[in-house]
Amino acid sequence: FGLVGLESMSCGTPVLASDRGGLGEYIKDGINGFILSSLDPVLWAKKILELWEFSRSKGWNKIVNEGYRTAEENSAEIKSKIIREIYYNLCKRWEI
């Protein structure tokens, strides 16, 4: 689970990430960020240039807003609450 993507989204910067690792847990390609399946630097450079052009379109704001929403949904406060509930239910189940 990568935090750097969430930090970027919370600042209004769409994320371009590899489909390897934790960022794919919350980045939805074309919805709140962009995923590349290749590690080829030429393809990454092309995608970056595409994103530069895309940044001038109305679709860019939708990606940014979805990124804000994703960062908010995955905040430390919300995640810690979910984890506390899981632990509480496990302890209750095993009568700890």
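# A walk through the predicted model

Glu50 and Lys47 sit three residues apart in helix α2, a spacing of about one turn of the helix. Their side chains meet in a salt bridge, with a distance of 3.8 Å from N to O. The model is a predicted one, and this pair in helix α2 is a convenient place to enter it. The two partners are covered to unlike extents: Glu50 is partly exposed, because its relative accessible area is 48%, whereas Lys47 has a relative accessibility of 19% and so counts as buried, the limit for that class being under 20%. In general, side chains of opposite charge can pair when their charged atoms come close.

What does Lys47 touch, once residues up to four places away in sequence are set aside? The residues in question are Leu16, Phe34 and Leu36. Further along helix α2, which covers residues 41–54, lies Leu51. Leu51 is also buried, since its relative accessible area is 13%. Leaving aside neighbours within four places in sequence, Leu51 is in contact with Leu16, Phe34 and Trp60. Leu16 and Phe34 therefore appear among the contacts of Lys47 and again among those of Leu51. Leu51 can also be placed relative to Pro14, for the two residues are 37 positions apart in sequence while their C-alpha atoms are 9.4 Å apart in space.

From this part of helix α2 the view can widen to the whole protein chain. The chain contains four helices and two strands, and, read from the N terminus, its elements follow the order α-β-β-α-α-α. The radius of gyration is 17 Å, well over the 12 Å that the globule rule gives for 96 residues, so the protein chain is more spread out than a compact globule. Taken along the principal axes, the C-alpha atoms fill a box of roughly 55 × 30 × 15 Å.

How are contacts and burial distributed over such a chain? Among contacts with a separation of 6 or more, residues 24 or more positions apart account for 43%. Buried residues make up 29% of the 96 residues. The protein chain exposes about 7,000 Å², and carbon and sulfur atoms supply 59% of that area.

The charged pairs deserve a second look, because the pair in helix α2 is one of five salt bridges that the structure holds. Two others are found by following Arg69 in helix α3. Arg69 and Glu66 both belong to helix α3, which spans residues 58–73, and they lie three residues apart, about one turn of the helix. The closest N and O atoms of the salt bridge between Arg69 and Glu66 are 2.6 Å apart. On the other side of Arg69 in sequence, Glu73 is four residues away within helix α3, so the two are separated by about one helical turn. Glu73 forms a salt bridge with Arg69 in which the closest N and O atoms are 2.3 Å apart. Through salt bridges that share partners, Glu66, Arg69 and Glu73 are joined into one network.

Are the members of this network buried, partly exposed or exposed? Glu66 counts as partly exposed at 22% relative accessibility, Arg69 is partly exposed with a relative accessible area of 39%, and Glu73 is likewise partly exposed at 40%.

Beyond helix α3, attention turns to helix α4, which runs over residues 76–93 and includes Ile86. Ile86 is partly exposed, because its relative accessible area is 46%. Together with Ile78 and Ile82, Ile86 forms a nonpolar patch on the surface, and the three residues have about 240 Å² of accessible area together.

A last point concerns the cysteines. The structure holds zero disulfides. Cys11 has a relative accessibility of 61% and therefore counts as exposed, while Cys91, with a relative accessible area of 30%, is partly exposed.

Notes. Residues numbered from 1 in each chain as written. Predicted model: local features only at pLDDT ≥ 70, side-chain atom pairs only at ≥ 80, totals over all residues. Heavy atoms only, no water. Patch = residues over 30% accessible without salt bridge, like charges linked within 9 Å, V, L, I, M, F, W, Y side chains within 5 Å. Areas by Shrake-Rupley, 256 points an atom, 1.4 Å probe, with all protein chains shown as cover. Salt bridge = Lys/Arg side-chain N within 4 Å of Asp/Glu carboxyl O. Buried < 20%, exposed > 50% of the residue type's maximum accessible area, 1.4 Å probe, protein only. Rg over C-alpha atoms; globule rule 2.2 N^0.38 Å. Contact = heavy atoms within 4.5 Å. Disulfide = S-S within 2.5 Å.
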